[in-house]
Amino acid sequence: MNGIEDLPGIDPSKAHVARMYDYYLGGENNFEADRMACVELDSVVAGIRGMAINNRRFLVRLVRTLAADYGIRQFLDIGSGLPTQENVHQIAQRADPGARVVYVDMDPIVAVHGRSLIADDASTAFILEDARNTGAILDHPETRRLIDFTEPAAVLFITFLHQIPDHDDPAGLVRRLMAPFAPGSFLAISHPVAGDPELRTQITEIATRTTEGHFGRVRARAEVDQFFSGLEVIPPGLVEVTGWRPDDLPPVEQTYDLIEYGGAGRKPGS
Ligand SMILES: C[S@@+](CC[C@H](N)C(=O)[O-])C[C@H]1O[C@@H](n2cnc3c(N)ncnc32)[C@H](O)[C@@H]1O
């Protein structure tokens, strides 16, 4: 991988969620350890690759909808991941070339690729930061430069919160990051869910072991609902992601034992 494995903070012998997700999406920024972790997960739930692709397509429809139908022009994308074909700033800037996007991720490989993608785009920034450091993100000079807190924005947690363990208070993290945003701002979440508690435990165990603890847990659907507490969830609600405002692109075949739920909620008071 062109010496990228030598970056500080990269250990190619351990799986990492960003690179596992890249592998599922057909990218090239992953190591043997990432691929082996995916193979182990696939032995428990076949069809995670389809789920990852469908989740990414949900992200595209979500940003398009928020920009086109709700007039959102500024986005904070938490746990943005490795760039793929359609990234948030490209989708948002199609609706309005002046749309502004701040990407946040803690993975150094994501930072290298993310920064090179947006090098010529003054409306977009990448912050290499742990999302748990909410103050550092909100006070960051790039956030202050690009986000106008008096205007509605969207804060995205797309297949991200399952990486935050309960003891790190994911709901508190969401609350703190949403707090300074204006009424009319959106919170958008997608999150893997399993109805079967045994399957939740099994997937969480594999992901936690292979990433050496850099994982939270698969949650139940009702737990994901809780993240939207105090917000007005827009139609169609929190649903399996392929059912969220589908377009002409047919969903890819996927598992339904592990389900990615997604939705968006608006801050009242606008
Ligand atoms: C599964 S990927 C999702 C990427 C993208 N949001 C999407 O849906 O296509 C999750 C991303 O969250 C990042 N991540 C995990 N824990 C994090 C944390 N505490 N702070 C910031 N980023 C984190 C990982 O590096 C990874 O890139």
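These are my notes on two helices, one pocket and two cavities.

**Before starting.** I'm working with a predicted model, where local features need pLDDT of at least 70, side-chain atom pairs count only at pLDDT 80 or more, and totals for chains, interfaces and linings use all residues. Residues are numbered from 1 along each chain as its sequence is written, and side-chain values use heavy atoms, with hydrogens and water left out.

**Entry 1: H1 against H3.** I looked up how helix H1 (residues 17-24) sits against H3; helices are DSSP runs of H or I with at least four residues, strands are runs of E with at least two, and both are numbered from the N terminus. Their axes come within 8 Å and cross at roughly 95 degrees. That makes H1 roughly perpendicular to H3, a label for angles of 65 to 115 degrees. The axes are lines fitted to C-alpha atoms over the stretch in contact, and angles run from 0 to 180 degrees between N-to-C directions. On the H1 side I found Tyr21, Tyr23 and Tyr24 making the contact, and on the H3 side Ile48, Arg49, Ala52, Ile53, Asn55 and Arg56. Contact here means heavy atoms within 4.5 Å. I sorted these residues into six nonpolar, one polar and two charged. For the sorting, Ala, Val, Leu, Ile, Met, Phe, Trp, Tyr, Cys and Pro count as nonpolar, Asp, Glu, Lys and Arg as charged, and the others, Gly among them, as polar.

**Entry 2: H4.** Which residues of helix H4 (residues 88-95) are buried? I noted Val88, His89, Ile91, Ala92 and Gln93, with buried meaning under 20% relative accessible area (1.4 Å probe, protein chains only). Their cover includes helix H3 (48-68), helix H5 (108-117) and strand S1 (74-78).

**Entry 3: the second largest pocket.** A pocket is an open set of points on a 1 Å grid over the protein atoms alone, with protein on both sides within 12 Å along at least five of seven lines; a cavity is a set where a 1.4 Å probe fits but cannot get out, and lining residues have an atom within 4 Å of a point. The second largest pocket holds about 340 Å³ of space, a volume being the space filled by probe spheres set on the points. I counted 18 lining residues, with Arg56, Arg57, Thr84, Gln85 and Glu86 nearest the centre. H3 gives the most, six residues.

**Entry 4: cavities.** I found two cavities of 30 Å³ or more. The largest has about 90 Å³ of space, and the second largest about 40 Å³. Tyr21 and Arg56 turn up again among the residues lining the second largest cavity, where H1 gives the largest share, three residues.

Definitions and conventions: Buried < 20%, exposed > 50% of the residue type's maximum accessible area, 1.4 Å probe, protein only. Parallel < 35°, antiparallel > 145°, perpendicular 65-115°, else oblique.
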